[in-house]
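User: Please pick one part of this model and take me through it closely, along with whatever surrounds it. I would like one connected account rather than a list.

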Amino acid sequence: MDISREEQRVLHVLAQGGVIEPIRNSRGRIENVTCINRDGFMLPAIGMLLFKKLKRRHTIASQDGGPYRITRRGLELVRSEFDNR
């Protein structure tokens, strides 16, 4: 299955230890999300459409109401990238 460049970028950040924090409204529904990498910086490229697409493909999941993290399926789909560290 091919995934887009934006999906690839977000999954790579999550594979390195990042999380997706949902922002909920007063009724408990997710209205916005922020992607935070392992260093604490925000990734501006994620929106609700991309979040829903990642969730629909079962590449991210949340446990016990916590932040969304990458799943085993997501790790299979992400291609390795050279890290400039």
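Analyst:
**Helix α2 and its surroundings**

At 84% relative accessibility, Asp64 counts as exposed, and in this predicted model the residue sits in the loop between β4 and β5. Although Asp64 is not a glycine, its phi is positive, at about 55 degrees. A comparable case leads to the part I have chosen: His58, in the loop between α2 and β4, has a phi near 60 degrees, again a positive value in a residue other than glycine. His58 comes just after α2, and because its relative accessibility is 56%, it counts as exposed.

The helix itself, α2, spans residues 48–56, and within that span Leu50, Phe51 and Leu54 are buried. Viewed down the axis of α2, these buried residues fall within an arc of 100 degrees, so they line one face of the helix. The face turned away from that buried side carries exposed residues, namely Leu49 and Arg56; a leucine is thus found on each side of α2, with Leu49 exposed and Leu50 and Leu54 buried.

What, then, covers the buried residues of α2? The cover includes the helix α1 (5–15) together with the strands β1 (19–24), β2 (30–36), β4 (60–62) and β5 (68–70). Two of these strands, β1 and β2, run antiparallel and are joined by 6 bridges, one of which pairs Pro22 with Val33 in β2. They form a hairpin with 5 residues between the strands, and Gly28 in its turn has a positive phi of about 90 degrees.

Strand β5 deserves a closer look through its aromatic residue. Searching the whole structure for aromatic pairs yields 1: the ring centres of Phe51 and Tyr68 are 5.0 Å apart and the ring planes stand at 90 degrees, so the arrangement is edge-to-face. Since Phe51 belongs to helix α2 and Tyr68 to strand β5, the pair ties together parts that are 17 residues apart in sequence. Both Phe51 and Tyr68 are buried.

The helix also contributes to a wider nonpolar assembly. In soluble globular proteins, nonpolar side chains tend to be buried together. Here the largest nonpolar core has 18 residues, among which Val10, Leu11, Leu14, Ile20, Cys35, Ile46 and Ile60 touch the most other members. Two or more residues of this core come from each of α1, β2, α2 and β5, with α1 giving the largest share, 4 residues. Leu11 shows how α2 is linked to other parts of the chain: leaving aside neighbours within four places in sequence, Leu11 is in contact with Leu54, and also with Ile3, Thr59, Ile60, Ile70, Gly74 and Val78. Leu54 is one of the buried residues of α2.

Seen against the whole protein chain, α2 is one of 3 helices that accompany 5 strands, in the order α-β-β-β-α-β-β-α from the N terminus on. The radius of gyration is 12 Å, close to the 12 Å that the globule rule gives for 85 residues, so the protein chain is as compact as a globular protein of that length. Its C-alpha atoms fill a box of roughly 40 × 30 × 20 Å along the principal axes, and 34% of the 85 residues count as buried. Among contacts between residues at least 6 apart in sequence, 44% join residues at least 24 apart.

Definitions and conventions. Residues numbered from 1 in each chain as written. Predicted model: local features only at pLDDT ≥ 70, side-chain atom pairs only at ≥ 80, totals over all residues. Heavy atoms only, no water. Buried < 20%, exposed > 50% of the residue type's maximum accessible area, 1.4 Å probe, protein only. Arc of directions from axis to C-beta. Contact = heavy atoms within 4.5 Å. Core = buried A, V, L, I, M, F, W, Y, C linked by side-chain atoms within 4.5 Å. Pairing = 2+ DSSP bridges. Phe/Tyr/Trp six-rings, centres within 6.5 Å; stacked < 30°, edge-to-face > 60°. Rg over C-alpha atoms; globule rule 2.2 N^0.38 Å.
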